[in-house]
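I opened the notebook to record what I looked up in this structure, beginning with its nonpolar core and then turning to the overall form of the chain.

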Amino acid sequence: MLQNHPALAGKQAQVRAKESAADGARAARYPTLSTSIGTGQSSGYSGASTATINARQPLWAFGRIDNAIAYADQDVQVQQAEVWFTMRQLLEETAVSYSNVQGARERLAVAEQSVLRHQELQQQIQRRATGGLASAVDVSMAQTRLLQARAQRETAGADLRNAEAALLALTQLTVASDLPAPSFMLDLPGEPVINEQVLGQSAPVRLRESMVTLAEADVQRARTANMPTVLLEAGRNQVARLPNQTSSTTLNIVMQASLEGMGLANQAQQRAALERVEAARQDLAQQRHEQQIQLLQLLDRRASDQTLLAGYAESVMTLESTLASFRRQYESGYKSWLDVLNAVRELADQQMQQAQVQASWRVNSLRLSARMGRLDPPGAMPAMFSQPR
């Protein structure tokens with residue numbers, strides 16, 4: 001997925017575009033060169049050629065150039081945070097999609113086992129009916145339950161194909177999905193450690209923090225946008241094709257400034273920039289709250305699934321023993337054929353629910369693992385986020 005997903009490649013291209021824009025902002029510190037060449041009449045002589053070369057070097061811009069560069073550099077960092085955020089999202093969804101494939105395969109295995117049990121019972125009752133030991137109603141009932149089990153198997157098969165298609169949409173190439181998830185992704189530490197790592201490495205929160213810093217840099221850029229620029233201006237003028245060629249060199253210190261709308265336009269831009277800072281801070285606060293709520297929900301669901309799995313494991317063992325007992329009692333005439341079929345169906349239902357809860361526990365564990373950074377490739381976190389806040 002990291003190699004092939006177009007969304008991630010697009011975000012990385014945007015980082016390179018922002019880096020080029022930052023290089024352009026830094027280029028404002030360098031001289032600006034201009035030249036002009038023309039022909040005309042000079043000192044009564046026609047056909048005279050004139051060449052002019054000018055150079056303008058900024059000396060002092062009162063923070064305007066520096067703030068523009070700071071804004072462009074911060075914009076690069078925001079885009080890098082976007083890449084990390086997108087990568088985290090795709091890693092989490094890929095892990096969940098992979099787990100969904102495994103869960104669908106586990107449910108399909110339960111459905112196939114149920115079909116085999118029903119086929120065995122259907123053949124058994126068919127033999128007993130041939131020998132006059134079972135009625136046609138029993139045969140019909142067994143056949144109906146077999147058809148229901150096959151329908152459940154078809155549904156599980158369709159779920160597996162859909163899960164594989166969802167995984168393919170993320171990886172872009174067909175991948176093997178039969179290996180279990182590594183244990184370090186599922187065996188998580190205690191809740192205090194999970195809380196610290198998830199909230200400390202939250203990509204959405206860090207992205208919003210960088211956006212707040214960008215908005216603050218925009219305020220500084222707007223405040224100095226109308227500042228004058230002190231320039232060193234050098235020029236050389238050369239006139240050719242005259243009896244006596246002439247040239248002149250000038251060197252000036254120039255102060256250049258402009259006020260759009262008597263400065264009112266810049267004041268409006270500053271107010272707008274301040275409002276964007278406030279909006280970014282509110283978005284950050286909302287994102288922190290949402291991350292805390294999502295973390296609590298994931299932890300609660302994972303703990304609940306663990307409790308349910310223990311109960312389902314015990315229930316499945318009991319139902320397997322019950323089914324074996326019912327089959328013996330049916331052979332002895334103490335249980336009806338319907339009791340045996342009901343026991344088979346109840347066992348299949350419990351196994352299916354156990355597989356669903358197992359898949360849910362695995363998905364919640366992988367989501368937490370992804371948000372803790374356990375799925376990140378080395379060096380994935382941007383350098384500006386590697387230090388504690």
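I looked first for the largest nonpolar core in this predicted model, and found that it has 28 residues, with L366 and L375 having the most contacts inside it. I then noted which elements give two or more residues to this core, and these are α1 (6–26), α2 (64–130), α4 (183–186), α6 (203–223), α7 (264–332) and α8 (337–371). Of these, α2 gives the most, with 10 residues.

I followed L366 further and, leaving aside its neighbours within four places in sequence, I found it in contact with A95, S99, A181, M185 and L186. I also recorded a second, separate core of 16 residues, which includes A134, V139, L319 and V344.

Next I went through the secondary structure, where I counted 8 helices and 4 strands in the protein chain, following the pattern α-β-β-α-α-α-α-α-β-β-α-α along the sequence. I compared the radius of gyration, 37 Å, with the 21 Å that the globule rule gives for 389 residues, and since the value is well over the rule, the chain is more spread out than a compact globule. I added that the C-alpha atoms fill a box of roughly 135 × 50 × 35 Å along the principal axes, and that buried residues make up 38% of the 389 residues.

Last, I checked helix α3 (residues 136–171), whose 36 residues should span 52 Å at 1.5 Å a residue, and I found its end C-alpha atoms 53 Å apart, which agrees. I noted that α3 is followed by Q172, whose phi is positive, near 70°.

Technical notes
Residues are numbered from 1 along each chain as its sequence is written. This is a predicted model: local features need pLDDT of at least 70, side-chain atom pairs count only at pLDDT 80 or more; totals for chains, interfaces and linings use all residues. Side-chain values use heavy atoms; hydrogens and water are left out. The expected span of a helix is 1.5 Å times one less than its number of residues. A nonpolar core is a set of buried Ala, Val, Leu, Ile, Met, Phe, Trp, Tyr and Cys residues joined through side-chain atoms within 4.5 Å. Buried means under 20% relative accessible area, exposed over 50%, partly exposed in between (1.4 Å probe, protein chains only). Contact means heavy atoms within 4.5 Å. The radius of gyration is taken over C-alpha atoms; the globule rule is 2.2 Å times the number of residues to the power 0.38.
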